[in-house]
Amino acid sequence: MKKIVSFVVCALLATASFAQGQFGIIGGLTSSQSKISTAFSDIKAGTANQYHVGITYYQPLALGFAIQPGIEYNVKGASFEEINFKTGFVEVPVQVQWGVNLFSIIRPFVMAEPFIGYAVSNNVSSAGVTLSGWDSVKNRFECGIGLGGGIQLFKHFQLTVRYFWNLGTLYTANLGSIKTTLAETKCSGVKFSAAILF
């Protein structure tokens with residue numbers, strides 16, 4: 001994991017020499033719902049308690065393309081009956097964007113975002129009791145892809161929404177003292193993000 005983080009940091013620093021590149025901070029909500037309307041309902045009800053926060057680097061390329069790698073702490077979760085799972089990952093997403101600048105004010109874009117990650121925290125709660133440990137986690141490594149779109153305002157602000165799919169299975173039915181069955185889940189969902197670019 002240290003080698004991956006070191007590689008990403010070196011890559012970010014190397015791209016800093018490119019013209020027009022911008023570092024930034026990013027954060028937002030992560031929902032385990034697969035529908036945007038349901039995810040919005042969770043936000044309104046105050047039950048969308050997963051989140052992500054990190055740093056990013058925006059680098060415009062030719063023909064409307066741009067690349068935006070980053071490092072994020074992303075909390076994902078799943079629910080089964082009365083048991084809730086919340087797992088925090090250190091993730092390395094790499095957005096590939098295509099968009100059009102309109103009057104140098106707004107840039108709508110679409111994006112694809114492959115990512116890799118490693119679980120660094122895990123909590124299981126049932127009947128108000130929170131447990132820590134890794135018995136419920138099948139894989140601490142994860143990989144996946146996100147697809148979505150967004151807008152960039154005045155070259156310094158971004159708002160994005162995207163579906164994300166984990167390509168591996170994160171949780172297992174081996175829950176130790178918790179006697180229930182958890183359907184194996186990929187912990188996919190929707191991310192709503194805001195970024196400030198400097």
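**Close-up views of the core and cavities**

**View 1. The largest nonpolar core of the predicted model.** In this predicted model, the largest nonpolar core is made up of 10 residues, namely Ala78, Ile83, Phe85, Phe89, Ala119, Val124, Val137, Leu170, Tyr171 and Cys187. Two elements, β4 and β5, each give two or more residues to this core, and β4 gives the most, with 3 residues. In soluble globular proteins, nonpolar side chains tend to be buried together.

**View 2. The surroundings of valine 137, a member of the largest nonpolar core.** When residues up to four places away in sequence are not counted, valine 137 touches Asn122, Leu170, Tyr171 and Thr172. Of these partners, Leu170 and Tyr171 are also listed in the largest nonpolar core together with Val137.

**View 3. The largest cavity and its lining.** A search of the whole structure finds 2 cavities of 30 Å³ or more, and the largest of them has a volume of about 50 Å³. The lining of the largest cavity consists of Ile26, Ile55, Thr56, Gln68, Pro69, Gly70, Glu72, Pro93, Gln95 and Glu113, which divide into 4 nonpolar, 4 polar and 2 charged residues. At least two lining residues come from each of β2 (50-60), β3 (65-80) and β4 (83-99), and β3 gives the most, with 4 residues.

**View 4. The second largest cavity and its lining.** The second largest cavity, with a volume of about 30 Å³, is lined by Asn74, Lys76, Glu91, Glu113, Phe115, Phe164 and Lys191. This lining divides into 2 nonpolar, 1 polar and 4 charged residues, and β3 and β5 (106-126) each supply at least two of its residues. Glu113 appears both in this lining and in that of the largest cavity.

**View 5. Glycine 146 in strand β7.** Glycine 146, which lies in strand β7 (residues 141-153), is buried because its relative accessible area is 0%, below the 20% under which a residue counts as buried. Leaving aside neighbours within four places in sequence, glycine 146 is in contact with Met111, Ala112, Glu113, Phe115, Tyr163 and Phe164; among these partners, Glu113, Phe115 and Phe164 also line the second largest cavity. The C-alpha atoms of glycine 146 and valine 161 are separated by 9.6 Å, the two residues being 15 residues apart along the chain.

Methods:
Residues are numbered from 1 along each chain as its sequence is written. This is a predicted model: local features need pLDDT of at least 70, side-chain atom pairs count only at pLDDT 80 or more; totals for chains, interfaces and linings use all residues. Side-chain values use heavy atoms; hydrogens and water are left out. On a 1 Å grid over the protein atoms alone, a cavity is a set of points where a 1.4 Å probe fits but cannot get out, and a pocket is an open set with protein on both sides within 12 Å along at least five of seven lines; lining residues have an atom within 4 Å of a point. Grid points are joined across faces, edges and corners, and a volume is the space filled by probe spheres set on the points. Ala, Val, Leu, Ile, Met, Phe, Trp, Tyr, Cys and Pro count as nonpolar, Asp, Glu, Lys and Arg as charged, and the others, Gly among them, as polar. A nonpolar core is a set of buried Ala, Val, Leu, Ile, Met, Phe, Trp, Tyr and Cys residues joined through side-chain atoms within 4.5 Å. Buried means under 20% relative accessible area, exposed over 50%, partly exposed in between (1.4 Å probe, protein chains only). Contact means heavy atoms within 4.5 Å.
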